[in-house]
Amino acid sequence: MKINGKSYRTIWFENNLVKIIDQTKLPHQFIIKELKSVEDAINAIKLMEVRGAPLIGVTAAYGLVLSIIEKNDLSFLRNSSEKLIASRPTAINLKWAVNRMMTKLSGVNEKEIKNIALAEAKLIAEEDIEFCKNIGLNGLEIIEEIFSKKKDTVNILTHCNAGWLATIDWGTATSPIYHAHKKGIKIHVWVDETRPRNQGSNLTSYELNEEGIANTVITDNAGGILMQRGKVDMCIVGTDRTLSNGDVCNKIGTYLKALAAKDNNIPFYVALPSSTIDWSIKNYKQIPIEERDPEELSHIEGIDDENKIKKVRIYPKGSKAMNLAFDVTPAKYVTALITEKGICEASEEGLSRLFK
Ligand code: MRU
């Protein structure tokens, strides 16, 4: 998608380096950062310079390529793969991408390993773009149906950033929106700010602005009253891990939106590529929920009048804070899952019909 009218992807490989858009600097600064080593890739994921489930998966895949360039040695590669998987715990894409790479590289000789690793990492990235594009085409049908009944602007609420910045291109939750916009359907997006890291205001609103899509940032608590007032036609969110029974783990606050949507008879859709499905866990309580530094709550970053980025404390000095980064929305609150293979019920039967 575009920034300042120029098309970008969120990550690419160039001259033996991995290039990323540093998302910790958005929306105030657009900085392309070079990752030169596997350690750089691990830190980029930990510090959330790259974030979003599909993008961290692809970063990990490229991280393994950097590891091979650095030191073509099997035990170093194994160690790199373990550190990459541990860099963030909740999104399953990380483990999925690393395992896929390691399976591909198993038994490959030293001479060929770099080229095979690079080809596989590129393939994972290309597949993600294709999957996200198809999620968009499938989700477009839902938006078209609402538009044909309403014959007026379709108001869509989204949480966090499941946009192209969270993937390689198109996004998951935003892909149907981009496709609808391209078809001339009038769309307006309610963007949950998404405290504490504000991926909604910093990233989703930014990327929608760049694509010329009308959007309004709201506080995380405003969705309920907007739904009660008939201002939301549908919700679409992304996911970091979808269980085979249709339970959906996503950015903290997603669950409360789903409850409000249910109470107001508003359809609540979850968009996902199949790389986000965890077929192994049966109970959502087994999903590792990331708990991040409480400083992300107690401090806030912004830009001052002299264009300087500043971080300030907003909590009393002695206050304790807890920063859970994800929650789980039970399948019963999910109207349907929008995947690259089609739309299905959030259930074992629904997912199995498309993917098994
Ligand atoms: O903590 P983040 O910013 O990595 O969380 C991102 C989300 O929760 C997204 O909704 C999810 O990864 C889906 S991205 C297509």
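The legends below describe close-up views of a predicted model.

**View 1. The largest nonpolar core.** This core has 75 residues, of which Tyr62, Leu84 and Ile187 touch the most other members. Helix 5 (residues 110-150) supplies the largest share, 13 residues. Domain 1 (2-127) and domain 2 (137-354) both contribute residues, so the core lies between them. Nonpolar side chains tend to be buried together in soluble globular proteins.

**View 2. Surroundings of Leu84.** Leu84 is one of the residues that touch the most other members of the largest core. Neighbours within four places in sequence are left aside here. Leu84 then contacts Val38, Ala41, Ile42 and Ile45. Its contacts also include Ala60, Gly63, Leu64, Leu94 and Val98.

**View 3. Another core, apart from the largest nonpolar core.** This core holds 27 residues. Among them are Val232, Cys235, Ala258 and Val334.

**View 4. Phe13 and its contacts.** Phe13 sits in strand 3 (residues 11-14). Its relative accessible area is 15%, under the 20% cut-off, so Phe13 counts as buried. Residues up to four places away in sequence are not counted among the contacts. Phe13 touches Val18, Tyr62, Val65, Ile69, Leu118 and Lys122. Leu35 is 22 residues from Phe13 along the chain, and 9.5 Å separates their C-alpha atoms.

**View 5. A nonpolar patch on the surface.** Ile289, Met322 and Leu324 make up this patch. Together they have about 250 Å² of accessible area. Ile289 belongs to the loop between strand 13 (277-278) and helix 10 (295-298). With a relative accessible area of 32%, Ile289 is partly exposed. Patch residues need over 30%, so Ile289 passes that cut-off.

Technical notes
Residues numbered from 1 in each chain as written. Predicted model: local features only at pLDDT ≥ 70, side-chain atom pairs only at ≥ 80, totals over all residues. Heavy atoms only, no water. Patch = residues over 30% accessible without salt bridge, like charges linked within 9 Å, V, L, I, M, F, W, Y side chains within 5 Å. Areas by Shrake-Rupley, 256 points an atom, 1.4 Å probe, with all protein chains shown as cover. Salt bridge = Lys/Arg side-chain N within 4 Å of Asp/Glu carboxyl O. Helix = DSSP H or I, 4+ residues; strand = E, 2+ residues; numbered from the N terminus. Buried < 20%, exposed > 50% of the residue type's maximum accessible area, 1.4 Å probe, protein only. Core = buried A, V, L, I, M, F, W, Y, C linked by side-chain atoms within 4.5 Å. Domains from an automatic or database assignment. Contact = heavy atoms within 4.5 Å.
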